[in-house]
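Please open the structure in your viewer and keep the sequence panel beside it. This tour will tell you what to select at each stop and what you will find there.

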Amino acid sequence: MMKARTALLPVLATGALIFASASFAQDNTGQTPPPAQDTMQQAPAPAQTAAPAQTAAPAQTAAPAQTAAPAQTPPPDVTVRSVPPAAPQVGSPPPFSQLSGGKKWITEEQAAAYPPLANDFLNASHHGTHVSKAQYEAWVKQAQ
């Protein structure tokens, strides 16, 4: 038989986890608000110099000098202009017989002689290992 405290323990643990997660979600003590944006620039305060120490009172020291706050400068305007490089000029595709070496198809190694075909070999061969004459002619029509 189950004791009452055995059933109560999981309920209390679940409640404590829910409460802890809710309190962590609402905790914002580690976050600082963003600084306010001033639209008007303020001139920095002039630096004050220390008063000269008197010789009659050696126990008194001069007040420390206050430094001026650094002037805030606006961020520089940055313009980025990006232009893609010009497309390489490729001549007209060679005839099928020149690439195939007189065979019925073009292999991937033979296609390397014409870089656009080598680059698009999987598409031209329909994910095969070679390109037939019909596939090459269809690819040439599509490429133009």
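Helices and strands are DSSP runs, with at least four residues for a helix and at least two for a strand, and they are numbered from the N terminus. Counted in this way, the protein chain of this predicted model has six helices and two strands. If you colour the chain by secondary structure and follow it from the N terminus, you will pass the elements in the order α-α-β-α-α-α-β-α.

**The whole chain**

Before selecting any single residue, switch on the surface of the protein chain, which comes to about 12,900 Å² of accessible area, with 60% of that belonging to carbon and sulfur atoms. Of the 144 residues in the chain, 10% count as buried. Among the contacts between residues at least 6 apart in sequence, 33% join residues that are at least 24 apart.

**Stop one: a patch on helix α1**

Select residues 4-26 to see helix α1, and then pick out Leu8, which is found in this helix. Is Leu8 buried, exposed or partly exposed? Its relative accessibility is 45%, and because partly exposed residues lie between the 20% and 50% limits, Leu8 counts as partly exposed. Now add Val11 and Leu12 to the selection, since together with Leu8 they form a nonpolar patch on the surface, with about 290 Å² of accessible area between them.

**Stop two: the largest nonpolar core**

Next, select Phe96, Leu99, Ile106, Ala111, Tyr114, Leu117, Phe121, Ala124, Val131, Tyr136, Trp139 and Val140, and show their side chains; these 12 residues make up the largest nonpolar core. Two or more of its residues come from each of the helices α2 (96-100), α5 (121-124) and α6 (133-143). Which of the elements gives the most to this core? It is α6, which supplies three residues.

**Stop three: Ser100 in helix α2**

Keep helix α2 in view and select Ser100, which lies in it. Ser100 has a relative accessible area of 1%, so this serine is buried. A polar atom of the Ser100 side chain lies 3.4 Å from the backbone nitrogen of Gly102. If you leave aside the neighbours within four places in sequence, Ser100 is in contact with Trp105, Ile106 and Gln110.

**Stop four: Ala124 in helix α5**

Move on to Ala124, which has its place in helix α5 and is buried, with a relative accessible area of 3%. Not counting residues up to four places away in sequence, Ala124 touches Leu117, Val131, Gln135 and Trp139. You can also draw a distance line from the C-alpha of Ala124 to the C-alpha of Glu137: the two residues are 13 apart in sequence and 9.4 Å apart in space.

**Stop five: the loop between α5 and β2**

Finally, select Ser125, which lies in the loop between α5 and β2 (130-132). Ser125 is buried, with a relative accessible area of 3%, and beyond the residues up to four places away in sequence it touches His130, Val131 and Gln135.

In the loop between α5 and β2 you will also find His126 and His127. His126 is exposed at 58% relative accessible area, and His127 is exposed at 68%. Look at the backbone angles here as well: His126 has a positive phi of about 55° although it is not a glycine, and His127, another residue other than glycine, has a positive phi near 60°.

Conventions. Residues numbered from 1 in each chain as written. Predicted model: local features only at pLDDT ≥ 70, side-chain atom pairs only at ≥ 80, totals over all residues. Heavy atoms only, no water. Patch = residues over 30% accessible without salt bridge, like charges linked within 9 Å, V, L, I, M, F, W, Y side chains within 5 Å. Areas by Shrake-Rupley, 256 points an atom, 1.4 Å probe, with all protein chains shown as cover. Salt bridge = Lys/Arg side-chain N within 4 Å of Asp/Glu carboxyl O. Buried < 20%, exposed > 50% of the residue type's maximum accessible area, 1.4 Å probe, protein only. Core = buried A, V, L, I, M, F, W, Y, C linked by side-chain atoms within 4.5 Å. Polar contact = N/O pair within 3.5 Å; in protein donor to acceptor, adjacent residues only side chain to side chain. Contact = heavy atoms within 4.5 Å.
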